[in-house]
Amino acid sequence: MRATDIGQDFEQVLYTSQQVQERLTEVAAQIDADYRGEDLLLVGVLNGAVMVMADLSRLMKSHCEMDWMAISSYGSGTQSSGVVRILKDLTNDIHGRNVLVVEDIIDTGLTLSYLVSNLRSREPKSLEIMTMFRKPEAIQNDVEVKYIGFDIPDEFVVGYGLDYAQRYRNLADVATLKPEIYR
Ligand code: XMP
Ligand code: MG
């Protein structure tokens with residue numbers, strides 16, 4: 001669905017699906033160039049990164065494999081709990097492989113720093129991060145992210161895989177919610 005289909009829930013559309021695709025095309029080209037001739041395993045973080053993974057991988061011109069992890073960091077609200085749990089682990093061993101984590105959004109960076117140290121302990125050949133969106137706080141927390149779709153303001157956003165209480169993931173655009181929706 002598009003933001004215009006249910007426009008009354010949203011404060012502002014930050015990025016249209018077309019703008020997201022255009023930026024992803026650039027990021028995919030960068031990844032293609034950086035991993036030219038190398039093995040590459042994309043690790044998607046469920047559930048939010050499903051859309052990014054699907055689009056990014058199809059915009060790439062070279063081979064990659066895909067695997068998935070599910071971790072919990074948020075409840076159904078909009079605040080990071082700081083507690084990270086693995087709900088579903090990778091299917092494949094990443095030892096000696098080039099791993100690129102594909103994330104939907106980095107807010108405080110708490111989830112990511114847990115994930116990175118967990119994956120590092122499995123001794124991949126390389127480990128990098130791609131995120132579609134990054135909020136300002138992540139920069140303060142010094143999380144090293146190689147590929148970034150967009151830096152966004154510190155507001156709660158939904159769409160393109162991002163949810164509020166499991167809703168709006170199937171919104172093709174990325175938008176901020178009206179405060180009355182989550183209050
Ligand atoms: P941290 O703070 O650990 O959070 O970097 C990362 C995870 O929190 C969720 N998150 C959001 N989800 N809109 C969402 O729908 C947002 O604006 C938002 N900010 C953080 C998301 O699951 C992310 O992986
Ligand atoms: Mg996520």
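User: What makes strand 1 and strand 9 a pair in this predicted model?

Analyst: In this predicted model, strand 1 and strand 9 are joined by 4 bridges and run in the antiparallel sense. Two strands pair if at least two bridges are found between them, and 4 bridges are given for strand 1 and strand 9; therefore they count as a pair. One of the residue matches is F10, whose bridge partner in strand 9 is L177.

User: How do you know that strand 8 is paired with strand 9?

Analyst: The rule asks for at least two bridges. Strand 8 and strand 9 (residues 174-177) have 2 bridges and run antiparallel, so the requirement is met. V157 stands opposite T176 in strand 9.

User: Why are strand 1 and strand 8 said to stand at the edges?

Analyst: The open sheet has 3 strands in the order 1-9-8, with antiparallel pairing. Strand 1 (10-15) and strand 8 (157-158) each have a single partner strand, so one side of each is left without a neighbour in the sheet. In general, strands of a sheet pair through backbone hydrogen bonds.

User: Why is T131 called buried?

Analyst: T131 has a relative accessibility of 0%. Buried means under 20%, so T131 counts as buried. This residue is found in strand 6 (residues 126-134). Leaving out residues up to four places away in sequence, T131 touches E103, D104, I105, I106, V145, Y147, I148 and G149.

User: How do you know that the side chain of T131 makes a polar contact with the backbone oxygen of D104?

Analyst: A polar atom of the T131 side chain lies 3.5 Å from the backbone oxygen of D104. The limit for a polar contact is within 3.5 Å, so this pair is at the cut-off value and is counted.

User: Which of Y160 and Q166 is buried, and which is exposed?

Analyst: Y160 has a relative accessibility of 5%, and the limit for buried is under 20%, so Y160 is buried. Q166 has a relative accessible area of 54%, and exposed means over 50%, so Q166 is exposed. Y160 lies in the loop between strand 8 and strand 9, and Q166 lies in that loop too.

User: What makes the phi values of Y160 and Q166 worth pointing out?

Analyst: Most residues other than glycine have a negative phi. Y160 has a phi near 50 degrees, which is positive, and is not glycine. Q166 likewise is not glycine and has a positive phi, near 70 degrees.

User: What is the form of the peptide bond from L46 to N47?

Analyst: That bond is cis, with omega near -5 degrees. Most peptide bonds are trans. N47 is found in the loop between strand 2 (41-46) and helix 2 (50-59).

User: How do you know that ligand 1 has polar contacts with the protein?

Analyst: The pair of N or O atoms must lie within 3.5 Å. An oxygen atom of ligand 1 is 2.4 Å from an N or O atom in the side chain of T111. Polar backbone atoms also take part: one of G109 is 2.7 Å from a ligand oxygen, and one of D107 is 2.9 Å from a ligand oxygen. These distances satisfy the limit, so they count as polar contacts. Taken alone, ligand 1 exposes 510 Å², and the protein buries 93% of that.

User: Which element gives the largest share of the shell around ligand 1?

Analyst: Strand 5 does, with 4 residues. By class, the shell has 7 nonpolar, 5 polar and 6 charged residues.

Methods
Residues are numbered from 1 along each chain as its sequence is written. Chains are lettered from A and ligands numbered from 1 in the order in which they are written. This is a predicted model: local features need pLDDT of at least 70, side-chain atom pairs count only at pLDDT 80 or more; totals for chains, interfaces and linings use all residues. Side-chain values use heavy atoms; hydrogens and water are left out. A polar contact is a pair of N or O atoms within 3.5 Å; within protein, one must be able to donate a hydrogen and the other to accept it, and residues adjacent in sequence count only if both atoms are side-chain atoms. Accessible areas come from the Shrake-Rupley method with a 1.4 Å probe; for residues, only the protein chains shown count as cover. Ala, Val, Leu, Ile, Met, Phe, Trp, Tyr, Cys and Pro count as nonpolar, Asp, Glu, Lys and Arg as charged, and the others, Gly among them, as polar. Buried means under 20% relative accessible area, exposed over 50%, partly exposed in between (1.4 Å probe, protein chains only). Contact means heavy atoms within 4.5 Å.
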